[in-house]
Amino acid sequence: GRSKVTIKNLAKMYRQGEPISMMTAQDYPSGLMVDRAGIDVCLVGDSLAMVALGYDSTNPLTVDEMLHHCRAVARGCKSSFLVVDLPYGSYESGPEDAVRTALRFIKEGNAEAVKLEGGKEMAETIRRLTSVGIPVVGHIGLTPQRQSSLGGFRVQGKTATQATRMLEDAMAVQDAGAFMMIVEAMPEEVATCITQKLKVPTIGIGAGVHCSGQVLVYNDAMGIFDRFVPK
């Protein structure tokens, strides 16, 4: 099989301008498929709350449920770099909770990095995680775990003020030590500007074609999920 993708490989791809691919998985078969497809980064995304478990949102998903899925994906996904979403409510209350949760995902879940949502308000937490050696992927723009406060799923950064705030968030998350960042549902020009200003790769979801890479959701790609189909 192919050799293991590492943070070093991802940094090298970024420096050389090679697009980075990321795909979500939620169980052993999808982990295996992502791995065999030669995808660079496999994300155990909290969208599995809806896709695999039938919840109405990602919010009810527990750490134990997520660990169960993360372990299953890890058994199938041997070469792609494995990132897991920290579930809603498991990291927001402070850096120590975040470290405790993240360590479980590395130790029990066999994840290689954790992803958490939020901008400058999460900088202290990201700094604390990276200081104890836990690699962090940031996530700015539309942060689905906070969809109710953002008024549902809709494009962020449409106004100049919002766009400026997003760039500030991106810089804060990078400076806190995140090695990669998801930018979701923002105007292409905002995502492009952020990508140009950062020194770490951006992975886009509905953010135009100029990011350092793109996320493909396994079920979207396979067309097997009928509850809501992406445009």
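## Briefing: a closed eight-stranded barrel and its helices

Valine 114 sits opposite valine 136 of strand 5, and that pairing is a handy way into this predicted model. The sheet closes into a barrel of 8 strands in the order 1-2-3-4-5-6-7-8, with parallel pairing. On average, neighbouring strands in this sheet are turned by 25 degrees against each other, ignoring direction. Around that, here's what stands out, topic by topic.

**The chain as a whole**

- The chain has 9 helices to go with its 8 strands.
- Out of 231 residues, 53% count as buried.
- If you take the contacts with a separation of 6 or more, 62% of them come from residues 24 or more positions apart.
- About 10,600 Å² of the chain is exposed, and 54% of that comes from carbon and sulfur atoms.

**Inside the barrel sheet**

- Strand 4 and strand 5 run parallel and are paired through 2 bridges.
- Strand 5 covers residues 136–141, and 6 of its 6 residues are buried, so the rest of the structure largely encloses it.
- Which residues of strand 5 point one way, and which the other? Val136, Gly138 and Ile140 go to one side, while Val137, His139 and Gly141 go to the other, and all are buried.
- That fits the usual pattern, since side chains in a regular strand alternate between the two faces of the sheet.
- Strand 2 (residues 41–44) and strand 3 (residues 81–85) are also parallel, with 4 bridges joining them.
- For valine 44, the bridge partner in strand 3 is valine 84.

**Helix 4 against helix 5**

- A packed pair of helices is described by the angle and the distance between the two axes.
- Helix 4 (residues 63–76) and helix 5 have axes that come within 10 Å and cross at roughly 25 degrees.
- With the cut-off for roughly parallel being under 35 degrees, helix 4 and helix 5 therefore count as roughly parallel to each other.
- The crossing of helix 4 past helix 5 is right-handed.
- On the helix 4 side you'll find Val63, Asp64, Met66, Leu67 and Cys70, which meet Thr101, Arg104 and Phe105 of helix 5.

**Helix 7 against helix 8**

- Helix 7 (residues 160–175) packs on helix 8 (residues 188–197) at an angle of about 30 degrees, and the axes are 10 Å apart.
- That angle makes helix 7 roughly parallel to helix 8.
- Helix 7 also passes helix 8 in a right-handed crossing.
- Helix 7 brings Ala163, Met166, Leu167, Ala170 and Met171 to the contact, and helix 8 answers with Val190, Cys193, Ile194 and Lys197.

**Two loop residues with positive phi**

- Most residues other than glycine have a negative phi, which puts a couple of loop positions on the watch list.
- Asparagine 110 is one of them, with a positive phi near 65 degrees despite not being glycine.
- Where is asparagine 110? Look in the loop between helix 5 (95–107) and strand 4 (113–115).
- Asparagine 110 has 46% relative accessibility and so counts as partly exposed.
- Alanine 185 isn't a glycine either, yet its phi is positive at about 50 degrees.
- You'll find alanine 185 in the loop between strand 6 (180–184) and helix 8.
- Is alanine 185 buried or exposed? Its relative accessibility is 12%, so alanine 185 counts as buried.

Notes:
Residues are numbered from 1 along each chain as its sequence is written. This is a predicted model: local features need pLDDT of at least 70, side-chain atom pairs count only at pLDDT 80 or more; totals for chains, interfaces and linings use all residues. Side-chain values use heavy atoms; hydrogens and water are left out. Buried means under 20% relative accessible area, exposed over 50%, partly exposed in between (1.4 Å probe, protein chains only). Contact means heavy atoms within 4.5 Å. Accessible areas come from the Shrake-Rupley method with a 1.4 Å probe; for residues, only the protein chains shown count as cover. Two strands pair if DSSP finds at least two bridges between them. Axes are lines fitted to C-alpha atoms, for helices over the stretch in contact, and angles run from 0 to 180 degrees between N-to-C directions. Angles under 35 degrees count as roughly parallel, over 145 as roughly antiparallel, 65 to 115 as roughly perpendicular and the rest as oblique. A crossing is left-handed if the near helix is turned anticlockwise from the far one by less than a right angle, and right-handed if clockwise.
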